[in-house]
Amino acid sequence: MNRSSAFLNQSVALFGSQTQTLGNLFNGNEAEGKLDYNWNTNNRMFIEFNWDHNTDRFGPCSSNCARGFSNPDNDYFPNAQFNFVHTFSPTILNEFKLGYTQNNTQVGTNLPGVPFIAFTDSVTGFGSYNGYPQYFKDHEYSYGDMVSISHGNHSFKAGVDVQRNLENSLFSVARGSYEFTDPLWFAADTPEGQAAGVNPGFCTTLACDQYSSNPQGVLSPSIRHWRNWEVGAYFQDDWKITKRLTLNLGLRYDLLTWPTEASNHQSNFDPATAVYDHVIPARTPWSGLVRKGQSIRIVDSFGQQSADTLFYNAHNHAERYDAQATLAAQGSAYVTAGTTLLSNEGRALAVVTADTSGDHDTSAGACSCESNTVRFGHHTRYMHACRENFLVEVARHGMDKRDIVANINFFMNVPVLPNGDLAIVDGLSKPGDYVELRAEMDVLCVISNCPQVNNPCNGFDPTDLRVLIWDAS
Ligand SMILES: [Zn+2]
């Protein structure tokens, strides 16, 4: 923690109206305890604990802070260590260490409902930065052991370090962020750019293009549970060749594992290494072969776009996705990370290995011209629907309408209401959200990028999807 930053920030933000008489701006409390215990000459140990808590009523401020948009900051940094040194002989000793550090930082907003508004002509805007509130809570657990041996002119040290890092974070992008050329453009509701956030309806596609090609709302914050390991081993020799010359020789190996996401919200595949990368244009179908062990990622590039999806055994199309068997086996109404997609023969077609969005529907089926006319009126009879997309696409693989079964609607939000009704409501998915599946057999995947415009399943605005495939890692 940079202790001086909070002081500097308050003097910038408050035009000098804030004085010490109104109370402290920045509070810090720190406590430390240490216990040394020398059991005997061969065994020494200590335990140390440190507690540090800082609060700041104004927090990290932009110039908008001057208009009362402050970001109260609350940070905790507890840490503890245990150290045990055992002497085997006058020339050999062992040091064992255990440690724990927590970095817990919380930046809030005093007026959370206001979007972040900035002007490029340097007029002071308003609202807190749209990344606030944000919470980061890191736990770092470390273990280490080192053996020291003195032998003649040599002093050897060998050891291992292991660290486990757990980061739980909430990085909110739930509020909008709009940039306007000047206050006149603001009055005309015409932003120059939009970084993220809820779209109140005035951002045309053209105006959104600079920062995001997505003119749709972003409602859910990003909550992540990252995990990784750091492992190190070393050997070192201080070799005193003469009285005036010591050679330091050392070798160290460190391994930092890729972070994984504890709830399978995120995957580690790199789009650059995908063997297949394809954009499915809005309203159109797609199909592709995913071999056993390969992973397919379906990306909702612009958010709130339903991907109506079917899976078939690539070598026997009579074996296909079975929604009922899949739901019965998992005992839950939705498809999400961990779901095994079962076939009508009870075998695993694919497993959902990552899901940044959650709660995908597999009950409500695909839209068709027939269902559209029943739900929305006869004038929708001629609108293109998922069933037509499926018909076109399965025909390319020698199938017809008899082969179209109940599908999965990735990125479609269909809550089951208390009275048992199914509701189709605004999608949960943000731009860039994805679902990833590992094929458990060679499967044919068929997707209809849903063209529905009569209900909110596509945010009333069908957009592109993207499909990537990776070989088994
Ligand atoms: Zn549809």
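Which residues have the most contacts inside the largest nonpolar core? In this predicted model, they are I298, F311, V443, C445 and I447, and the core to which they belong has 49 residues. In soluble globular proteins, nonpolar side chains tend to be buried together.

**Confidence**

The protein averages a pLDDT of 85, and 88% of the residues score at least 70. Two segments have pLDDT under 50 throughout, and they are set out below with their contacts beyond four places in sequence.

| Segment | pLDDT | Contacts beyond four places in sequence |
|---|---|---|
| Residues 1-23 | under 50 | 21 contacts |
| Residues 197-219 | under 50 | 52 contacts |

**Cores**

C445 illustrates how residues distant in sequence meet: leaving aside neighbours within four places, C445 is in contact with S287, G288, V290, I296, T309 and F311. Apart from the largest core lies another, of five residues, including I117, A118, Y178 and F180.

**Helix α6 and the strands it packs against**

Helix α6 spans residues 386-395, and its buried residues are C386, R387, N389, F390, E393 and V394. These residues lie on the same side of α6, because they cover an arc of only 155 degrees around the axis. As a general matter, an α-helix has 3.6 residues a turn, so residues three or four places apart point the same way. The buried residues of α6 pack against three elements: β15 (285-290), β17 (307-313) and β23 (443-449).

Strand β17 also pairs with strand β18 (residues 316-320), in the antiparallel sense and over two bridges. The two strands β17 and β18 form a hairpin, with two residues between them. Within this pairing, Y312 stands opposite R320 of β18.

**The six-stranded sheet**

An open sheet of six strands, with antiparallel pairing, runs in the order β14-β24-β16-β22-β20-β19. Its edge strands are β14 (276-280) and β19 (340-342), each of which pairs on one side only. On average, neighbouring strands of this sheet are turned by 20 degrees against each other, direction ignored.

Inside the sheet, strand β16 (residues 295-300) and strand β22 (residues 433-439) pair in the antiparallel sense over six bridges. The bridge partner of I298 in β22 is V435. I298 is also among the residues with the most contacts inside the largest nonpolar core.

Definitions and conventions:
Residues numbered from 1 in each chain as written. Predicted model: local features only at pLDDT ≥ 70, side-chain atom pairs only at ≥ 80, totals over all residues. pLDDT = per-residue confidence, 0-100. Contact = placed C-beta atoms within 7 Å. Core = buried A, V, L, I, M, F, W, Y, C linked by C-beta atoms within 7 Å. Buried ≥ 20, exposed ≤ 12 C-beta atoms within 10 Å, placed from the backbone. Helix = DSSP H or I, 4+ residues; strand = E, 2+ residues; numbered from the N terminus. Arc of directions from axis to C-beta. Pairing = 2+ DSSP bridges. Axes fitted to C-alpha atoms, helices over the stretch in contact; angles between N-to-C directions.
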